[in-house]
Amino acid sequence: MEYIQAKEEFIQAWGALGSSWGINKTMAQIFALLIVTPRSMTVEEIMEELSISRGNVSMNLRLLIDWEIVERTTKKGERKDYYYCERDVWALCRKVAEQRKDREIKPVLKVLEQVNNIDTTEGEDAVELKRVTSELIDVVHLTDQALTTFTNSDRSWVSKTILSMMKKKK
């Protein structure tokens, strides 16, 4: 496979994958383009490469910046903004995990804990709701702890831990 075709395949696949992870396809495609491009890019370059509008590029770059996985910079003597992302894939994965914790786990945990304060004297249905939310709280706490361990660890520790778990499973 030639470089151009491989790059396009990667960007399209990443866009589809992003959709299944709950982010929009264009946001994922812009991120994929930035991660495989060894230099920072302007809005115009991203527009041309992906054949999308300026507004679409700008909106999705803002979202990627909010996720703290894309950064904006300038070059001396130029008025244009340039965009780039971290080159270390493990660091990016840790950043995404941190963002997902903040955006998804913490809010759902807050709701579960509020709901779990239900008055169980109201009957069998209330007791069941409390039981289910208690179990979900345990699962969410465990997930949160696993993500915290991952985000605070280096690549070698994560690799060793995963390999160790796989060996134990056999």
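**Exercise 1. Find out how accessible arginine 39 is, then identify its salt-bridge partner.**

Step 1: Arginine 39 has a relative accessible area of 46%, so it is partly exposed; that class lies between buried (under 20%) and exposed (over 50%), judged with a 1.4 Å probe and protein chains only.

Step 2: The partner is glutamate 45, and the closest N and O atoms are 3.5 Å apart. A salt bridge here means a side-chain nitrogen of Lys or Arg within 4 Å of a carboxyl oxygen of Asp or Glu.

Step 3: Glutamate 45 is partly exposed too, at 29% relative accessible area.

Before you go on, a word about the model: it is predicted, so local features need pLDDT of at least 70 and side-chain atom pairs count only at pLDDT 80 or more, while totals for chains, interfaces and linings use all residues. Residues are numbered from 1 along each chain as its sequence is written, and side-chain values use heavy atoms, with hydrogens and water left out.

**Exercise 2. Work out which parts of the chain the pair glutamate 68 and lysine 95 ties together.**

Step 1: Start with the salt bridge itself: the closest N and O atoms of glutamate 68 and lysine 95 are 3.1 Å apart.

Step 2: Now place the residues. Glutamate 68 sits in the loop between H4 and strand E1 (70–74), and lysine 95 in helix H5 (residues 89–115), so the bridge links parts 27 residues apart in sequence. Helices (H or I, at least four residues) and strands (E, at least two) are DSSP runs, numbered from the N terminus.

Step 3: Check the surroundings: glutamate 68 is partly exposed at 46%, and lysine 95 is partly exposed at 24%.

**Exercise 3. Describe the salt bridge between glutamate 104 and arginine 100.**

Step 1: Their side chains meet at 2.8 Å, N to O.

Step 2: Both belong to helix H5, and because they are 4 residues apart, about one helical turn separates them.

Step 3: Glutamate 104 is partly exposed at 37% relative accessibility, and arginine 100 is partly exposed at 23%.

Step 4: Elsewhere, shared partners join Glu68, Lys95 and Glu98 into one salt-bridge network. The full count comes to 10 salt bridges.

**Exercise 4. Map the largest nonpolar core and the contacts of leucine 61.**

Step 1: A nonpolar core is a set of buried Ala, Val, Leu, Ile, Met, Phe, Trp, Tyr and Cys residues joined through side-chain atoms within 4.5 Å. The largest one has 22 residues, and Ile30, Phe31, Leu34, Ile46, Leu61 and Val70 touch the most other members.

Step 2: Two or more residues each come from helix H2 (25–36), H3, helix H4 (54–66) and strand E2 (81–85). H2 gives the most, with 7 residues.

Step 3: Beyond its neighbours within four places in sequence, leucine 61 is in contact (heavy atoms within 4.5 Å) with Ile30, Leu34, Val43, Ile46, Val70 and Tyr83.

Step 4: Look also for a second, separate core of 5 residues, including Leu109, Leu112, Ile137 and Val140.

**Exercise 5. Is threonine 37 buried or exposed, and which residues does it contact?**

Step 1: Find threonine 37 in the loop between H2 and H3.

Step 2: Its relative accessible area is 7%, so threonine 37 is buried.

Step 3: With neighbours within four places in sequence set aside, threonine 37 is in contact with Lys7 and Arg87.
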